[in-house]
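Here are my notes after going through the model you sent over. I've kept them short and numbered, so you can check each one on screen.

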Amino acid sequence: MKKPELLAPAGNLEKLKIAFMYGADAVFVGGKKFSLRARASNFDIPQIKEACDFAHNLNKKVYVTTNIIPHNDNIEGLKDYLKDLEEAGVDAIICASPIIIDTAKEHTNLEVHISTQLSNTNYESVNFWYEEGIKRVVLARELNKEELQELRDNTECDMEVFIHGGMCVSYSGRCTLSNNMTDRDANRGGCAHSCRWNYDIYEDESKLNDDELHFAMSSKDLQTVKHISDLIDIGVDSLKIEGRMKSIHYIATVVSTYRKLIDNICDDYEVDLPKYLLEIKKAENRLTSHGFMDGMTTINEQLYNMRSENPTQEFVGLVHDYDEETFIATIEQRNHFLPGDEIEVFSPNFNHLQFKVEEIKDTEGNILDAARHPKQMLKLFIPFKVSKYDMLRKVK
Amino acid sequence: MKIAVTPFSVSSIEKLSKEGADIFILGNEKYANRLVNSFSTIEITEARNVIKELGKELYINLNLMLHNRDIEEVTKFLTFLQELDVDGIFFGDLGVYMIAKKLGIENVLIYNPETLNTNYYDTHFWSKKGIKGLTISKEITLEDINEICTKKELDVSIIGHGHLNMFHSRRPLIENFFKYSRDEYEKFINNRNLKIVEEIRNESYPIFQDNHGTHIFREKALESYQEINTLKNNLDVFIIDGIFKDTNYLVETVSNYKALLEPKNQHKAAVFSKIYERDHDSGFLYKKTVYDKY
């Protein structure tokens, strides 16, 4: 059984380090140019170099998205930018436009992956890219497991499959709702997520929905804990988590859950699915479903009435240091908490231990009535050993 | 520049031809999205004969999003089209190109993925693949269209007139919503009288669900009356798509464009635009979409 790569998003260097600490084999980041997800805090070239150095030291990989569909005006500087990425040491670029693909092939030795923006839904189109010398295709999110198996049986190309996160409801790359409704080009980083807005639906002049229930197209987020074993059996090469805009807590929780799950499956340990389902729920901020994994989507894959849930547990702090003599941890505050709160410590090795907050002190030793300032460094008594990059969650 | 239209019936082809249409685009719903009408292979054969008699060209729309299960059927259909000796085949999925190449008919293919042909390099890339042409994306400005055409290495077309779609999901979004909100949903499938209105926008967008998923269109149809004389020097094919309209509409628009191509009639362009302005606009011809801005 081949162990697939676990590929995580990284919106900045901190998220990149967290993704690796919590078990990602590779991360994908956006550069400052030619990348979608404009709002994600994208990396400049020195940061990409730092990211690559950090990753390569751990024997891990960094992919950079250069996945816009450029217009005539957007092509200037492409060759130099791609050379800069090569120089910085990136392991692959993720592309969606022939001009970017061919420029990379002609002027660099960068490995090229085909973005999900090209909605490759069948083995013939994947083989088109394979014959173009492309090593990997990020497949369309519309595929079910049967189709993935057929793909595996009919292509030599590496298959990258989304396993978690937000989903386009349209075929990716084929949608201009945002262009038409807001003048922002979805294929050049401007998607306004118009598919998640509220609509009324009419037949001729008569309204078909109630005032209380809008016509909605919005998709639940993808979550495939129950399907990972099948995806490994199929022989998928890379399992991809979406979400360059998500928090470090989200990344840590999702990455470590899938990491542990993949390792357990591949090492033939017993897999406790309920445990993983419970854990991944702690990162949820939108309801989830398995998308197309089991076939055509039903009402269970859609979000109606803007039903949404808050995370069941709240991320309150990140561990920076721990003194084993005094049992005092230094933590960086991320959300409000109080003395008396029940806290779960969550770490890359998937251990979960709980304690009750006693005194909260600042770094000067002043006792605080509450941890109320984002990013403030605090001192806490924790009765067991914690380590840098462990996270604290409030148990509700 | 040739004018292409999407006839609603075989019987309307002669009339449209007389008005000035050079190319007729037909398709079968099994293999194509957003057709004005689905033609059986018998009807397509019949159309082939009519069009040949008229000395005009037959193009086939084969723009489905290809899934593995369709490959066998699409191969058969392409073999049928090969025997029929059609003049052009629009495709939107690279899988169709791969199948056509195996049959040795990639030279009649025209790549129209609707959103992906956005810059001058695309014509270069696709000319190397030995296809006949490509259709420039819907959201490209007139200035960019002209620039792409000056550097083109194969036939370039645009959909210059008609309702453009802006969204295609594989999901049965209408069926799912009505299953969730009321008991009946069947009558809303393949129903082309549905529209959606966003809560703060006073625009209504045609929407329908078919076997390929759910499609949403712009509120207004595109017209290019005032641009046709610039475009004629650059484009190879100007497409008029009649979706949501009828034969009379196609006859009228074809004859309007044909008239405008005569130098003596050029002053009529603004008049035609005025007549059509209630439910037509210039789309993205003069509107640059914003790059990289949230």
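The points below cover the contact between the chains, one aspartate and a handful of salt bridges.

1. First, a caveat: this is a predicted model. Please read every distance and area below with that in mind.

2. Let's start where the two chains meet. On the chain A side, 84 residues are in contact with 72 residues of chain B. Between them the chains bury about 7,300 Å², and 56% of that lies on carbon and sulfur atoms. If you want residues to click on, try Asn72(A), Tyr171(A) and Arg174(A): they supply 11% of the area that chain A buries against chain B, more than any other three residues.

3. What holds polar groups together across this interface? The rule finds 41 residue pairs in polar contact between chain A and chain B. Several elements of chain A each supply at least two residues to the side that touches chain B, including helix H4 (98-107), helix H6 (145-154) and strand E8. H5(A) gives the most, with seven residues. By type, the residues on this side of chain A divide into 36 nonpolar, 28 polar and 20 charged.

4. Charged pairs cross the interface too. Seven salt bridges are found between chain A and chain B. A nice one to look at is Glu124(A) with Lys102(B), where the closest N and O atoms are 2.7 Å apart.

5. Have a look at how strands meet across the chains. E8(A) runs antiparallel to strand E9 (residues 194-198) of chain B, and five bridges join the two. Asp200(A) is found in E8, which spans residues 199-203 of chain A, and it stands opposite Val197(B) in E9(B).

6. Is Asp200(A) buried or exposed? Asp200(A) has a relative accessible area of 13%, so it counts as buried; the cut-off for that label is under 20%. Its side chain makes a polar contact of 3.4 Å with the side chain of His214(A). Setting aside neighbours within four places in sequence, Asp200(A) is in contact with residues of both chains, among them Lys207(A), Asn209(A) and Phe215(A) on one side and Lys195(B) and Ile196(B) on the other.

7. Over all chains, the structure holds 53 salt bridges. Lys3(A) and Asp263(A) form one of them, with the closest N and O atoms 2.8 Å apart. This pair links distant parts of the chain: Lys3(A) is in the segment before strand E1 (5-9), whereas Asp263(A) is in helix H9 (residues 248-266), 260 residues away. Both ends are partly exposed, Lys3(A) at 38% relative accessible area and Asp263(A) at 22%. The pair also belongs to a network of salt bridges that takes in Asp25(A) and Arg259(A).

8. For a buried pair, go to Glu332(A) and Arg334(A), whose closest N and O atoms are 3.0 Å apart in a salt bridge. Glu332(A) is buried at 8% relative accessibility, and Arg334(A) counts as buried at 19%.

9. Finally, one within chain B. Glu73(B) forms a salt bridge with Lys30(B), the closest N and O atoms being 2.9 Å apart. Glu73(B) sits in helix H3 (residues 71-84) and Lys30(B) in the loop between strand E2 (23-27) and helix H2 (41-54), so the pair ties together parts that are 43 residues apart in sequence. Glu73(B) is partly exposed at 28%, as is Lys30(B) at 48%.

How values were computed: Residues are numbered from 1 along each chain as its sequence is written. Chains are lettered from A and ligands numbered from 1 in the order in which they are written. This is a predicted model: local features need pLDDT of at least 70, side-chain atom pairs count only at pLDDT 80 or more; totals for chains, interfaces and linings use all residues. Side-chain values use heavy atoms; hydrogens and water are left out. Helices (H or I, at least four residues) and strands (E, at least two) are DSSP runs, numbered from the N terminus. Buried means under 20% relative accessible area, exposed over 50%, partly exposed in between (1.4 Å probe, protein chains only). A polar contact is a pair of N or O atoms within 3.5 Å; within protein, one must be able to donate a hydrogen and the other to accept it, and residues adjacent in sequence count only if both atoms are side-chain atoms. Contact means heavy atoms within 4.5 Å. A salt bridge is a side-chain nitrogen of Lys or Arg within 4 Å of a carboxyl oxygen of Asp or Glu. Buried area is the accessible area (1.4 Å probe) that two parts lose on being put together, summed over both. Ala, Val, Leu, Ile, Met, Phe, Trp, Tyr, Cys and Pro count as nonpolar, Asp, Glu, Lys and Arg as charged, and the others, Gly among them, as polar. Two strands pair if DSSP finds at least two bridges between them.
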